[in-house]
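Me: I am new to this structure and want to know what lies behind the labels. Please set each value against its definition.

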Amino acid sequence: MIVTSAQTAEKTSSFDEVQAITEMVHLSFSNCPNERMKFLFKHLIDHVHNFVRETSLTHEEWKASIDFLDRFRQEDRYIMIMSDIFGVSALVDLVNNDKPPNATEPAILGPLYTETTQILKKGDSIASEGKGDYLYMSGRILDVQGNPIAGAVMDVWEADKHGVYDKEYPNYNDKPDCRGRFTTGEDGSFAFRAVEPLAYPFNVGGPAEDLLDALGSVKYRPAHLHFKINAPNYKELITQLYLTGDQYLELDSAFAVRKSLIVDPKLITDTSLTLARGFKEEKPHVELERDFVLAKEEDLIKPKPKA
């Protein structure tokens, strides 16, 4: 029996179309003038299409995925949370961490950073009264040689005693609380009052929590403080500090904990020092001392990846 080319084409058309559609998509992007963008999307399409082929994704599963993503838009949720709980945010930090070993390690930005913040002076409080137990933090911003960096701008933000950030409250109205911005002096030093951070549920309610429940995943973030530090001629540092002993250090829903970022605050029982530092109530507080080390472009230990 002679098999014609038409019969062969008919027999293999389904297989060919499944394979060929990936190349067709690549071809549709072939005129992209940005080589890095074209490189990124080629690999994205390859992986997404391979996922569909390898899992034999059904129409029902595809539709459920689209509906899930659409819920973020409808419920005004932070899509960055998806990147965090899939470990992508943490992975991007690790892949791009080309700073020398003595520079402070980065950690994820998180979805609740905002430029709307309080402009504060050394020693001021980022938190209004009643937001949690007192914490006093001080330190310096240094370069990799240990020299102080004057004029470094440091944003700090955290959740309150309820595990809620200011932006998450219905009556927020761009009135920042538990966040502030400081600028270092000639000696590179900073100091501020805050509240002792606590572990909190990861995005209570909404599609992200539903997904974590469906996957049987832990949905807590360990106690932490956020930092975003910039200085002229230095690489931006986005990082977090975590408190030792927290039960979720190894179960972080965002996979962002690094050993070098775990700190051990000291309990201060001298209540006269509490008052001297500007806290309103005469009660013990915790103290945290920590320096941050920024790197310059020339300090980096490997070249940036190229397309």
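Me: Why is Asp160 called buried or exposed?
Reply: Asp160 has 3% relative accessibility, so Asp160 counts as buried. Buried means under 20% relative accessible area, exposed over 50%, and partly exposed in between (1.4 Å probe, protein chains only). This is a predicted model: local features need pLDDT of at least 70, side-chain atom pairs count only at pLDDT 80 or more, and totals for chains, interfaces and linings use all residues. Residues are numbered from 1 along each chain as its sequence is written, and side-chain values use heavy atoms, with hydrogens and water left out.

Me: What makes Asp160 and Lys131 a salt bridge?
Reply: A salt bridge is a side-chain nitrogen of Lys or Arg within 4 Å of a carboxyl oxygen of Asp or Glu. The closest N and O atoms of Asp160 and Lys131 are 3.8 Å apart, so the pair qualifies.

Me: Why are Glu115 and Arg181 given different labels, exposed or buried?
Reply: Glu115 is at 51% relative accessibility, so Glu115 counts as exposed. Arg181 is at 17%, so Arg181 counts as buried.

Me: Which residues are linked with Arg181 in a network of salt bridges?
Reply: Glu115 and Asp155 are linked with Arg181 in that network. The side chains of Asp155 and Arg181 meet at 2.9 Å, N to O. Asp155 has a relative accessible area of 5%, so Asp155 is buried.

Me: How do you know whether Leu294 is buried or exposed?
Reply: Leu294 has a relative accessible area of 1%, so Leu294 is buried. Leaving aside neighbours within four places in sequence, Leu294 is in contact (heavy atoms within 4.5 Å) with residues including Ile141, Val144 and Leu237.
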